[in-house]
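Please look over the sequence and the structure below. A short report follows.

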Amino acid sequence: MSRPGFIIAAFIGAALLGACSKEEPAPPAPAAKPEVVVAEPELDPVTGLIMAEHWEIVRANCTPCHSAKLVTQQRGTAQQWLTMIRWMQAEQNLWQFDPVTESRIIAYLADNYPPDAARRRAAIPAALMPPNPYSSTE
Ligand code: HEC
């Protein structure tokens, strides 16, 4: 091999060796996901009640007769919760509350178990429904 030819071959060889021993470039770091912090409400492990302000008052007054599940599966506005309480007071021997306690209970319930639009759709207006073959109004 001529001298320049050898130098070129050596150079190419060295370059190839260098190329082979080169480390793979690190894969690009995955784009950092935007941090979405959804504050999961902490649940009381015993009753399942959301441990928000006044929850102990609700635990004390709303779980002696029935499971707290009856409370936590229900949803309502303050007015709807009050109506449920008035019904239990009238029909189910639920005791009377002093006004402060009552307003705390209602606030807790309406804040933590509010009507949830996503849970239920509104009823379809009768005019948009197909004729009811079983209608008894005719
Ligand atoms: C003195 C007993 C008693 C206490 C205390 C009591 N309840 Fe009730 N509650 C009942 C009874 C009885 C029922 C009917 C249970 C059934 O239908 O099986 C009921 C039913 C309910 C229901 C279901 C209503 C429905 O329409 O399905 C909810 C919600 C409820 N109670 C919430 C509460 C809340 C909130 C409190 C605390 C403020 C509470 N209860 C305290 C006796 C009580």
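α4 (78–91) gives the most to the shell around the ligand, with 3 residues. Helices are DSSP runs (H or I, at least four residues), numbered from the N terminus. The model is predicted: local features need pLDDT of at least 70, side-chain atom pairs count only at pLDDT 80 or more, and totals for chains, interfaces and linings use all residues. Residue numbers start from 1 along each chain as its sequence is written.

In total, 16 residues surround the ligand. A residue counts as near the ligand if its C-beta atom, placed from the backbone, lies within 6 Å of it. The closest are Cys 62, Cys 65, Gln 74, Gln 92 and Leu 94. At least two shell residues come from each of α2 (55–62), α3 (69–72), α4 and α5 (99–112). The shell has 11 nonpolar, 5 polar and no charged residues. Here Ala, Val, Leu, Ile, Met, Phe, Trp, Tyr, Cys and Pro are nonpolar, Asp, Glu, Lys and Arg are charged, and the others, Gly among them, are polar.

Next, α5. This helix has 14 residues and reaches 20 Å from its first C-alpha to its last, close to the 20 Å expected at 1.5 Å a residue. The expected span is 1.5 Å times one less than the number of residues. Ile 105, Ile 106, Tyr 108 and Leu 109 of α5 are buried (20 or more other C-beta atoms within 10 Å of their own; exposed means 12 or fewer, partly exposed in between; C-beta atoms are placed from the backbone). Seen down the axis of α5, the buried residues fall within an arc of 160 degrees (taken from the directions from the axis to the C-beta atoms), so they line one face of the helix. On the other side of α5, Pro 99 and Val 100 are exposed. The buried residues of α5 pack against α2 and α4 (contact: C-beta atoms, placed from the backbone, within 7 Å).

Trp 81 has contacts beyond its neighbours within four places in sequence. They are Gly 76, Ile 106, Leu 109 and Ala 110.

Two residues other than glycine have a positive phi.

| Residue | Phi | Loop | C-beta atoms within 10 Å | Class |
|---|---|---|---|---|
| His 54 | about 75 degrees | between α1 (3–21) and α2 | 17 | partly exposed |
| Asn 93 | near 65 degrees | between α4 and α5 | 8 | exposed |

Key
Contact = placed C-beta atoms within 7 Å.
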